[in-house]
Amino acid sequence: MEVVTSDDVYVKVSDEFIQRSRLLKDMDPGKVHVPFPDSVIQHLIRDEFPKNGQSLLEVARAADFLNMESELDQACRRIASTIRGKTPQEIEKFLNHAPS
């Protein structure tokens, strides 16, 4: 199976990766378009999580979209442990989010 990323990169994914994704597991083999860039998908393939807040949030969103429960839980735990004890301004900076 190939995943086509939002930046038009074709990524051949392993059977092990497909089994980790409830979305991909239930699909016919072929090409699957996902609304995430290659860099985010590569983090999930390698089971690595970025330290940058915005990137970590994107990995969590991709894991949610692909219905990868373990990866989503892990990403959310990392986000939670990183922002624990931080001020709202520090959290905004970590997530690269402009104040409202």
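Buried means under 20% relative accessible area, exposed means over 50%, and partly exposed is whatever falls in between. Keep that handy for the exercises below, and remember that the model is predicted.

**Exercise 1. The Arg46–Glu48 pair**

Find out how the side chains of Arg46 and Glu48 meet, and sort both residues into buried, partly exposed or exposed.

*Solution.*
Step 1: Look for a side-chain nitrogen of Lys or Arg within 4 Å of a carboxyl oxygen of Asp or Glu. Arg46 and Glu48 give an N to O value of 3.1 Å, and their side chains meet in a salt bridge.
Step 2: Check the accessibilities. Arg46 comes out at 42%, while Glu48 has 40%.
Step 3: Classify. Arg46 counts as partly exposed, and Glu48 is partly exposed too.

**Exercise 2. Counting and placing salt bridges**

How many salt bridges does the 4 Å rule give, and which parts of the chain does the Glu69–Arg22 pair tie together?

*Solution.*
Step 1: Apply the rule and you get 5 salt bridges.
Step 2: Take Glu69 and Arg22, whose closest N and O atoms are 2.4 Å apart. Glu69 sits in helix 5 (residues 69–83) and Arg22 in helix 2 (residues 22–25), so this salt bridge ties together parts that are 47 residues apart in sequence. Both ends are partly exposed: Glu69 has a relative accessible area of 43%, and Arg22 has 40%.
Step 3: Now go to Arg61 and Glu58, a salt bridge with 2.6 Å from N to O. These two are 3 residues apart within helix 4 (residues 53–65), so about one helical turn separates them. Arg61 is partly exposed, at 41%.
Step 4: Don't skip the network: salt bridges link Glu16, Arg20 and Glu71.

**Exercise 3. Mapping the nonpolar core**

Work out which residues touch the most other members of the largest nonpolar core, and which helix gives the most to this core.

*Solution.*
Step 1: The largest nonpolar core has 25 residues, and those touching the most other members are Val13, Phe17, Leu24, Val34, Leu44 and Leu66.
Step 2: Assign core residues to helices. Helix 1 (15–20), helix 3 (38–45), helix 4 and helix 5 each supply at least two. Helix 4 gives the most, with 5 residues.
Step 3: Zoom in on Leu66. Leaving out residues up to four places away in sequence, Leu66 touches Phe17, Ser21, Arg22, Leu23, Leu24, Val34, Ile41 and Leu44.

**Exercise 4. Helix 4 and its neighbours**

Describe how helix 4 is oriented relative to helix 5 and relative to helix 3, then take a look at Leu56.

*Solution.*
Step 1: For helices 4 and 5, the axes come within 8 Å and cross at roughly 155°. Angles over 145 degrees count as roughly antiparallel, so helix 4 is roughly antiparallel to helix 5. The crossing is left-handed.
Step 2: List who makes the contact. Helix 4 brings Leu56, Leu57, Ala60, Ala63 and Asp64, and helix 5 brings Glu71, Leu72, Ala75, Arg78 and Ile79.
Step 3: For helices 3 and 4, the axes are 9 Å apart and the packing angle is about 75°. That makes helix 3 roughly perpendicular to helix 4. Here Val40, His43 and Leu44 of helix 3 meet Glu58, Val59, Ala62 and Ala63 of helix 4.
Step 4: Turn to Leu56, which belongs to helix 4. Leu56 is buried, with a relative accessible area of 3%. Its C-alpha is 6.7 Å from that of Ala75, although the two residues are 19 apart in sequence. Beyond residues up to four places away in sequence, Leu56 touches Phe49, Pro50, Ala75, Arg78, Ile79 and Phe94.

**Exercise 5. Positive phi without glycine**

Where does Asp47 lie, and where does Asn67 lie, given that each has a positive phi although it is not a glycine?

*Solution.*
Step 1: Recall the background: most residues other than glycine have a negative phi.
Step 2: Asp47 has a phi of about 55° and lies in the loop between helix 3 and helix 4. Asp47 is partly exposed, at 41% relative accessible area.
Step 3: Asn67 has a phi of about 55° as well, but look for Asn67 in the loop between helix 4 and helix 5. Asn67 is partly exposed, with 35%.

Technical notes. Residues are numbered from 1 along each chain as its sequence is written. This is a predicted model: local features need pLDDT of at least 70, side-chain atom pairs count only at pLDDT 80 or more; totals for chains, interfaces and linings use all residues. Side-chain values use heavy atoms; hydrogens and water are left out. Helices (H or I, at least four residues) and strands (E, at least two) are DSSP runs, numbered from the N terminus. Buried means under 20% relative accessible area, exposed over 50%, partly exposed in between (1.4 Å probe, protein chains only). A nonpolar core is a set of buried Ala, Val, Leu, Ile, Met, Phe, Trp, Tyr and Cys residues joined through side-chain atoms within 4.5 Å. Contact means heavy atoms within 4.5 Å. Axes are lines fitted to C-alpha atoms, for helices over the stretch in contact, and angles run from 0 to 180 degrees between N-to-C directions. Angles under 35 degrees count as roughly parallel, over 145 as roughly antiparallel, 65 to 115 as roughly perpendicular and the rest as oblique. A crossing is left-handed if the near helix is turned anticlockwise from the far one by less than a right angle, and right-handed if clockwise.
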